[in-house]
Amino acid sequence: MSRGSLRGPGLFMLDTSFLKRVRISEGLNLQFRAEAFNVLNHPNFGYPNEVVFQGSEYSPSGGVITNTGTTSRQIQFALKLQF
């Protein structure tokens, strides 16, 4: 790491999906799908504020992380009829 640089926290996300296909007739299928993003709901924080000095004084918000880098857990469901 070089002098005067800031390092942010790491990023970790686990996404998954499940599907179930049900045959209704010879040419007709029904598919149910569940998708989950950030399954473990792990907080991923954004980068720290890069402004450390304001003139000759320290910035009170220098190096402070004020936001998240990704969204929280999201789950979506889908139902598809294939013919």
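Where does Gly46 lie? Gly46 sits in the loop between strand 2 and strand 3, and I'll come back to that loop in a moment.

Hi everyone, a quick word on the ground rules. This is a predicted model, in which local features need pLDDT of at least 70 and side-chain atom pairs count only at pLDDT 80 or more, while totals for chains, interfaces and linings use all residues. Residues are numbered from 1 along each chain as its sequence is written, and side-chain values use heavy atoms, with hydrogens and water left out.

Let's take the overall picture. The protein has zero helices and five strands, where helices (H or I, at least four residues) and strands (E, at least two) are DSSP runs numbered from the N terminus. Its radius of gyration is 23 Å, well over the 12 Å that the globule rule gives for 83 residues, so the protein is more spread out than a compact globule. For that number, the radius is taken over C-alpha atoms, and the rule is 2.2 Å times the number of residues to the power 0.38. Along the principal axes, the C-alpha atoms fill a box of roughly 75 × 20 × 20 Å.

Now, burial. Of the 83 residues, 12% count as buried; buried means under 20% relative accessible area, exposed over 50%, and partly exposed in between, with a 1.4 Å probe and protein chains only. The protein exposes about 7000 Å², and carbon and sulfur atoms supply 55% of that area. Those areas come from the Shrake-Rupley method with a 1.4 Å probe, and for residues only the protein chains shown count as cover.

As for contacts, I mean heavy atoms within 4.5 Å. Among contacts between residues at least 6 apart in sequence, 56% join residues at least 24 apart.

A nice example is Gln31, in strand 2 (residues 28-37). Gln31 is buried, at a relative accessible area of 11%. Leaving aside neighbours within four places in sequence, Gln31 is in contact with Leu19, Lys20 and Arg21, and also with Ala78, Leu79, Lys80 and Gln82.

Back to our opening residue. Gly46 is buried as well, with 9% relative accessibility. Not counting residues up to four places away in sequence, Gly46 touches Pro9, Ile65, Asn67, Thr68 and Gly69. Phe18, by contrast, is 28 residues from Gly46 in sequence and 30 Å from it in space, C-alpha to C-alpha.

Two asparagines share that loop, so to speak: Asn38 lies between strand 2 and strand 3 (53-54), and Asn41 is found there too. What is phi like at Asn38? Asn38 has a positive phi of about 55° although it is not a glycine. Asn41 also has a positive phi, near 55°. As background, most residues other than glycine have a negative phi. On accessibility, Asn38 is buried at 1%, whereas Asn41 is partly exposed at 36%.

Next, the loop between strand 4 (57-58) and strand 5 (74-82), where we find Gly62. Gly62 is partly exposed, at 27% relative accessibility. Its C-alpha is 4.1 Å from that of Val52, with the two positions 10 residues apart in sequence numbering. Beyond residues up to four places away, Gly62 touches Asn49, Val51 and Val52. Val64 is in the loop between strand 4 and strand 5 too, partly exposed at 35%. Outside its neighbours within four places in sequence, Val64 is in contact with Pro48 and Asn49. The C-alpha atoms of Val64 and Val52 are separated by 9.4 Å.

Finally, charges. There are 8 positive and 5 negative side chains, with the centres of the two sets 12 Å apart. Here Lys and Arg count as positive and Asp and Glu as negative, with His and the chain ends not counted; each charge is placed at NZ of Lys, CZ of Arg, CG of Asp or CD of Glu.

How many salt bridges does a search of the whole structure find? One, given a cut-off of a side-chain nitrogen of Lys or Arg within 4 Å of a carboxyl oxygen of Asp or Glu. Arg33 forms a salt bridge with Glu35, and the closest N and O atoms are 3.8 Å apart. Arg33 itself is partly exposed, at 25% relative accessibility.

That's my tour, thanks for listening!
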